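Q: Before we start, could you take me through the reading of symmetry, helix packing and strand pairing, one feature at a time?

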Protein chains: 2
Amino acid sequence: MLTGHHLIDGTWTGSDSQLDAPDSPLRGVHQVSEAQIDAAARAARAAFRPYSATSIEARARFLTAIAEEIDARGDQITEAAMAESGLPEARLVGERGRTMGQLRLFADLILADGFPDTRHDAALPDRQPLPRPDLQLTHIPLGPVVVFGASNFPLAFSTAGGDTASALAAGCPVIVKGHPAHPATGELVAQAIEAAVARCEMPKAVFQMVHGAAPATGAGLVQHPEVAAVGFTGSLGAGRALFDLCAARPKPIPFYGELGSINPVFCLPNALETRGAAIGAGWVASLAMGAGQFCTNPGVLIGVKSAGLEALETTVVQAATEAAPQKMLTDRICESYAKAVADLDGKISTLARGQDATGDRMGQPVVFKTDAAAWLATPDLHHEVFGAAGILVACEDEAEMLAVAEALEGQLTATLQLDMPGDAASARALLPVLEERAGRILCNGFPTGVEVCSAMMHGGPYPASTDSRSTSVGTLAIQRWLRPISYQDMPLDLVRPELR
Amino acid sequence: MLTGHHLIDGTWTGSDSQLDAPDSPLRGVHQVSEAQIDAAARAARAAFRPYSATSIEARARFLTAIAEEIDARGDQITEAAMAESGLPEARLVGERGRTMGQLRLFADLILADGFPDTRHDAALPDRQPLPRPDLQLTHIPLGPVVVFGASNFPLAFSTAGGDTASALAAGCPVIVKGHPAHPATGELVAQAIEAAVARCEMPKAVFQMVHGAAPATGAGLVQHPEVAAVGFTGSLGAGRALFDLCAARPKPIPFYGELGSINPVFCLPNALETRGAAIGAGWVASLAMGAGQFCTNPGVLIGVKSAGLEALETTVVQAATEAAPQKMLTDRICESYAKAVADLDGKISTLARGQDATGDRMGQPVVFKTDAAAWLATPDLHHEVFGAAGILVACEDEAEMLAVAEALEGQLTATLQLDMPGDAASARALLPVLEERAGRILCNGFPTGVEVCSAMMHGGPYPASTDSRSTSVGTLAIQRWLRPISYQDMPLDLVRPELR
């Protein structure tokens, strides 16, 4: 049933060498060869022209069929994903629903009016001094796309996840680099897509998947001349290395890397005073959710020293101390988390630790505390720790809180805890600073939980992502795989259907 | 009146060292220092927050005021530009009109409904299993922009040209790297913008200009940490070098380089048969216009060997032989053109030469001819020659014409000369190939003349531009300076005006 093979041009194919697949129902996965990468990229290019010429209706049916085929394999997928990721069943069932929902959302999007964005300037034959020609503009797909899935969303941001769904909706064939942390889950989802390809009579190479070790496999994929764009969710180090390769190609290509951030939560004075305790409890719940393994995990909370901040601190200590350890996604992630926490331990004081983490791959929530002056003086504290570690930053006054905001790197999100109208002035001072640094700004919530909708921006200034002009979640994501093209004085018989 | 100084934070400032300014009313221009680049970038960053917070109406008035101030200096500007660029008066008057038209177009664009693109997903508090928050999305400016003007459009693609107009409209301060081929023209236009800044009470550093030698000056500008994006029109070599610097920054930034192309013209059999002679005459007229110094100059014409192609060739020889030499933009461009023509001379046969080019900086039109097999085997023939040099490529059959299309690099434009319905099948075979390679596809016209409108795409796959997702001409250009941002559950009092 499961092979650890690659899916190349419609055929499951093995390689000479294999890699371990720990915690997986698979005993091992095959290491894709250079020749196999070349074959997959060429097959994707060959599939591009017929696939991009399919009707919107056919493409929408294909996306829906993928959702249906995933649904039909639901229990198997959940079982494999539980074994591989350590995530609980309910979370994975919910994530599968989200994955199918994304596919259906993009099917609806491309069927709706307004896709693709078209423009028309009619000819003005009598204009002086020169007539204006007829100009029509539409948006066309870029070409074959390589997708790197995320460890923390083995379904919604992986094989048939957001990038795959939006790229297929745009008309781009996809080559997925299978994630080494969930190869069996990936293979089952790839089988679902394969079944949808067959049902919908799509070109076989419209979806392919290969397995292989980092960094050589990824490097080979993104440097292939037939690859036109790349979607990536993962670490800053791996993402930046691939971004650099894409930019250095003889023909550079777009690289969309979503690299995570520390997602600051600013607690304004009135909110702290009236509900500091509740904010503290909410923060720890958001911080510890899913072992803190979310790109939008709120890794830092900032407030001005006050009775409200003390009340917040009290509930933070209480909630964090009670927080249970949770299984993390991989051994490596768990080790990196433990190392990062030990590093922080040496730099700032520990406010509270969760229950003891015994057993395999367990991550223990930890909350640290520091003064804003120390935080500002220690750039190491400004980077993401992947896991349930948070830092409470206490400021002397609002000017110092503003200085913390100014010192932030690019963020996926920034949150304001505020009570109107009392906190309006403080919020107005912070907002322009946060707008320059974040892709999404929240009010009185927590950033974990990224809604899939038309008004979502999931991305942000570097290093939150490598392209702040693009989102990886929501319908706007389809734009990352499209480019404008103009037709001048073209007979209507010859233009694309959406321009007729 | 003219100083050769830089305009930094509202003050005209000189430097210790100077550069020659040949053919300019200026005796020399100052070489900007590293400290001055730093001062300009910091001033632009300081101006960004207040400028991006100005109302749409205030920004539109500012753009209109720039157009008015340019108009008020019209004769002076034309005189300086004639001396510096060698372009004729009528052309420069027309280009000034286009420059003012662009500024007014962007003023209208931002005042109109639909700017900026906003989206709203209302809260669903009763949704199961989780409520949906309220999400609003808008687009905000990226930050300070550096603009490199073009030698071939000293007005419309330079100091107050397309990139400057779209960036200012988007809410981004602009630092122009003054073009060394037209420093006096640039200074006069900068004075016009300075007057508009004063009239509209805009932050002084919303527009700045510095002079300096390539490549160090450009490198210093694009690597400055406060610079958020770059617009460039120029050569592949210079553009790629700056692109590489932008990608290699600690925090990479978008670089929009419009680098030119050979703009192939495909003559389909029926069109050749019925009007080969007319197509030939039209081609030479487009090729020789403005000494061939357009990004959209049609450098290659492709047809299948036939009586029609012979008729075309006859008029090409006639028209090219009669074509007068024209003054080129700079000594260096003229020398590069002569060298490129000499190189081609050694590789393929010369079909016709224009009238003798005697005198300073004169470029002589030349048309070459080769077989498709030789063209396909000689990648050197696939690159742009900046000037009035064209290659007629004769194919054995339509399959060979398709092979020429497949061998093309990325193009700004591709043109089909066709007669419907006879050429429909040939056009349908070529179109998917050309769509993958070009930003604009024309029918029965010539690509010189780029309409400034909402349906224009002026850009294309690399090396035509460094970002095929973006245009440098037309209203869509404003998108290159914007990024999406989401607001979640934000009180309406705090969101940007367009979301209220």
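A: Copies are superposed by least squares on the C-alpha atoms of residues with pLDDT of at least 70 in both. This is a predicted model, in which local features need pLDDT of at least 70 and side-chain atom pairs count only at pLDDT 80 or more, while totals for chains, interfaces and linings use all residues. Residues are numbered from 1 along each chain as its sequence is written, and chains are lettered from A and ligands numbered from 1 in the order in which they are written.

Q: By what turn and shift can chain B be laid on chain A?

A: A turn of 180 degrees with a shift of 0.0 Å along the axis lays chain B on chain A with an RMSD of 0.0 Å, and the two copies are thus related as by a two-fold rotation axis. Within chain B, the residue closest to that axis is B:Ala247, at 3.2 Å (C-alpha).

Q: At roughly what angle do the axes of helix α2 and helix α6 of chain B cross?

A: Helices are DSSP runs (H or I, at least four residues), and strands likewise (E, at least two), numbered from the N terminus; axes are lines fitted to C-alpha atoms, for helices over the stretch in contact, with angles from 0 to 180 degrees between N-to-C directions. The axes of α2(B), residues 56-72, and α6(B), residues 183-199, come within 8 Å and cross at roughly 135 degrees, which makes α2(B) oblique to α6(B) (under 35 degrees is roughly parallel, over 145 roughly antiparallel, 65 to 115 roughly perpendicular, and the rest oblique).

Q: Which strands of chain A pair with β17(A), and in what sense?

A: Pairing requires that DSSP finds at least two bridges between two strands. Strand β15(A) (residues 349-353) pairs with β17(A) (residues 366-371) in the antiparallel sense over four bridges, with A:Phe368 as the bridge partner of A:Thr350, whereas β17(A) and β18(A) (residues 389-395) run parallel and are joined by six bridges.
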